[in-house]
Amino acid sequence: MRRRKVRWSPANFRAISNWLSSFTAGTRFSARRLAARRPIYRYEDEFGNTFIVKFYGDDPVTQEEKFKRMDKEFRGIIFLRERGLDKPPYLVVKAYGERPDLDFAIAEEEVRGDQLINLIVNATRRGTDISREVKALANLLSIIHRAAPADSKWWIPDWKKRVTEAISPYKPADDLLELGKKWVAFFPLPFSAVPLHGDPNPTNIAYDGGNIVAMDLQMFHYGYALEDVSEVAAELRHLFAQYANNPWLAEPYIGLLFSAYSKASGTSFTDLTDFNPFYMGLWELEIASNPWISPGQRNWLVGEAYRCWKYGLLRLRR
């Protein structure tokens, strides 16, 4: 895949450096790009102070939408940190500021520790145990979800869009659409709408052995807690399938995730696991729609989503 060109010039660098100097004593900065798909840079001053700066200016949307995306992430971080997620061991990344005039930039702290995905991949390859990390993430999500009073609204994600974007010859879209309609009949679910991280995949979580930190809150919104928890479950199964060639090795960790979350949040384990198949299938379709997923992985993910929806319905009607 060709890397998209990013607007970048010495003038932009100077403007960003001047902005960051208001948060530190430093005046001289260096910068390097961290991500290929989105312009994300690591800045460091002469004293070793570091910042992560993310730009929304290259998103192929209107100026108004760029501002909304930038501001949603910034406000979501502030909202959660003001409600207790600003101290160890459960944290949301610190945001220093936002600048729509600087290519819709957000400046955040650089989070220490390993990305959770690295720890999971290591577990798939070497058989190391990640129970501690899974329980910590379950606790972190439960704290995020109770950061505000329950909202009476509920909503269903755009599941039809997920199906069509992950279309695969393995299973015709019509079959998935038919199953999706049957799941919709169960809504509203027996949960309250809560603040959600929105995308707690293992690349957006860092763990240093003591603290666990949520990052990249650009998808922050209200919804059912299962949106977050089931994404983690889907990612675990996919990663064990991809790197260990055995998705069933993820099952003990998925069970631990739900039991730990149920205990931490006070939510019924039975209700969580009854309705998890709908959301887990949704996230498997979401993963399948990514352009870097191979055809073989895509077929498997779509097939897994179909099985989640089909057998989940049978369980609900038992």
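User: How many residues apart are Glu-165 and Lys-161 in helix 5?

Analyst: This is a predicted model, and in it the side chains of Glu-165 and Lys-161 meet in a salt bridge, 2.7 Å from N to O. Both sit in helix 5, which covers residues 159–165, and about one helical turn separates them. In sequence, that spacing is 4 residues.

User: Is Lys-161 buried, partly exposed or exposed?

Analyst: Buried would need a relative accessible area under 20%, and exposed would need over 50%. Lys-161 comes out at 43%, and its partner Glu-165 at 42%. So Lys-161 falls in between, which makes it partly exposed.

User: Which residues are joined into one network by salt bridges that share partners?

Analyst: Here the salt bridges have partners in common, and that links them up. The network's members are Arg-237, Glu-251, Glu-284, Glu-304 and Arg-307.

User: Which parts does the pair Lys-54 and Glu-73 tie together?

Analyst: These two side chains form a salt bridge at 3.0 Å, N to O. Lys-54 is in strand 3 (residues 50–55) and Glu-73 is in helix 2 (residues 63–82), so the pair ties together parts 19 residues apart in sequence. Those parts are strand 3 and helix 2.

User: What is the relative accessible area of Glu-73?

Analyst: Its partner Lys-54 is buried, at 3%. Glu-73 counts as buried too, with a relative accessible area of 0%.

User: How far apart are the closest N and O atoms of Arg-69 and Glu-65?

Analyst: Arg-69 and Glu-65 are 4 residues apart in helix 2, about one helical turn. Arg-69 is partly exposed at 30%, and so is Glu-65 at 28%. Their salt bridge has its closest N and O atoms at 3.2 Å.

How values were computed:
Residues numbered from 1 in each chain as written. Predicted model: local features only at pLDDT ≥ 70, side-chain atom pairs only at ≥ 80, totals over all residues. Heavy atoms only, no water. Salt bridge = Lys/Arg side-chain N within 4 Å of Asp/Glu carboxyl O. Helix = DSSP H or I, 4+ residues; strand = E, 2+ residues; numbered from the N terminus. Buried < 20%, exposed > 50% of the residue type's maximum accessible area, 1.4 Å probe, protein only.
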